[in-house]
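Biologist: I have a chain on my screen and I would like to learn how its features get their names. Could you take me through it?

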Amino acid sequence: MNERALRRRCRSILRELGITPPLRVPELCRLLGEHRGRPIRLIPYSLPVPGPYGLWIAGSHADYVFHQKETSQAHQDHIVLHEVGHILADHRGDGDDDAVWQDLLPDLSAEAVNRALRRTSYGEAREREAELVATIILEWASVLDRITPRAPGDVSARRVHTALADRQGWL
Ligand SMILES: [Zn+2]
């Protein structure tokens, strides 16, 4: 998918979801899951380091996003948005995710997750697409933040667009 198509798709989905600022990533995932008819389950996890910060596993009826929990909340939000990027850009794997997931249920063993992490990466083009989606959503959120009057008491809301430093190690 080219950049213009991806931007158009992101904008239209965000509009359809009716999201209002400030951006709350778990809420975005909840609405997106409802919109797609496939819940997106966010799973904070102590992923091995070095290694990818996030991992999307497409199950039969839900999408599971593992994300490194040993990092800042803003970084976790960015990791999740990157994985959402893979979901929105339709970067399905080779169709063997169900097998991976069956191994993970009902117990999330470290061994099973590590096996999932060993699969080949999505490739550079797809990683760029996923990161572009994360950037588009963050840009959108920051523009809305600027043009929308902030309600009193909103200061504790998480702001994700400030911490985008680390872009290594995506999956
Ligand atoms: Zn990725």
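Biologist: Which residues does Val80 touch, leaving aside those up to four places away in sequence?

Modeller: This is a predicted model, and in it Val80 touches Val25, Cys29, Leu42, Gly54, Val65 and His67. The word "touch" is used because two residues count as in contact when their C-beta atoms lie within 7 Å.

Biologist: What makes the largest nonpolar core a core?

Modeller: Its members are buried nonpolar residues joined through C-beta atoms within 7 Å. The largest one has 30 residues, and those touching the most other members are Cys29, Val65, Val80, Leu81, Val84, Val133 and Ile137. At least two residues each come from helix H2 (25-36), strands E1 (40-45), E2 (54-58) and E3 (63-68), and helices H3 (73-88) and H6 (124-147). H6 gives the most, with seven residues. In soluble globular proteins, nonpolar side chains tend to be buried together.

Biologist: How do you know that Asp90 is exposed?

Modeller: We count neighbours. Asp90 has 10 C-beta neighbours inside 10 Å, and a residue with 12 or fewer is called exposed, so Asp90 counts as exposed. Asp90 lies in the loop between H3 and helix H4 (97-104). Its phi is positive, near 60°.

Biologist: Which residue is 40 places from Asp90 in sequence but 9.7 Å away in space?

Modeller: That is Ala130, with the distance taken from C-alpha to C-alpha. For the chain as a whole, residues 24 or more positions apart account for 68% of the contacts with a separation of 6 or more.

Biologist: Why are E1 and E2 called edge strands?

Modeller: The open sheet has three strands in the order E1-E3-E2, with mixed pairing. E1 and E2 each have a single partner strand, so one side of each is left without a neighbour in the sheet. From one strand to the next, the twist averages 20°.

Biologist: What makes E2 and E3 a pair?

Modeller: Two strands pair if there are at least two bridges between them. E2 and E3 have five bridges, running in the antiparallel sense, so by that cut-off they are paired. Gly54 has His67 in E3 as its bridge partner, while Trp56 stands opposite Val65 in E3. A hairpin of four residues joins E2 to E3.

Biologist: What packs on this sheet?

Modeller: H3 does, touching E1, E2 and E3, and its direction makes about 150° with that of E3.

Biologist: How many residues of H3 and of E2 are buried?

Modeller: A residue is buried if 20 or more other C-beta atoms lie within 10 Å of its own. In H3, 13 of the 16 residues are buried, and in E2 four of the five are. Both are therefore described as mostly covered. In the chain, 29% of the 171 residues count as buried.

Biologist: How do you know that the length of H3 agrees with what is expected?

Modeller: At 1.5 Å a residue, its 16 residues should span 22 Å, and the end C-alpha atoms are 22 Å apart, so the two agree. Helix H1 (residues 3-17) can be checked likewise: its 15 residues reach 21 Å, close to the 21 Å expected. After H1 comes Gly18, whose phi is positive, near 65°.

Biologist: What is the order of the elements along the chain?

Modeller: There are six helices and three strands, and from the N terminus they run α-α-β-β-β-α-α-α-α.

Technical notes: Residues numbered from 1 in each chain as written. Predicted model: local features only at pLDDT ≥ 70, side-chain atom pairs only at ≥ 80, totals over all residues. Expected span 1.5 Å × (residues − 1). Axes fitted to C-alpha atoms, helices over the stretch in contact; angles between N-to-C directions.
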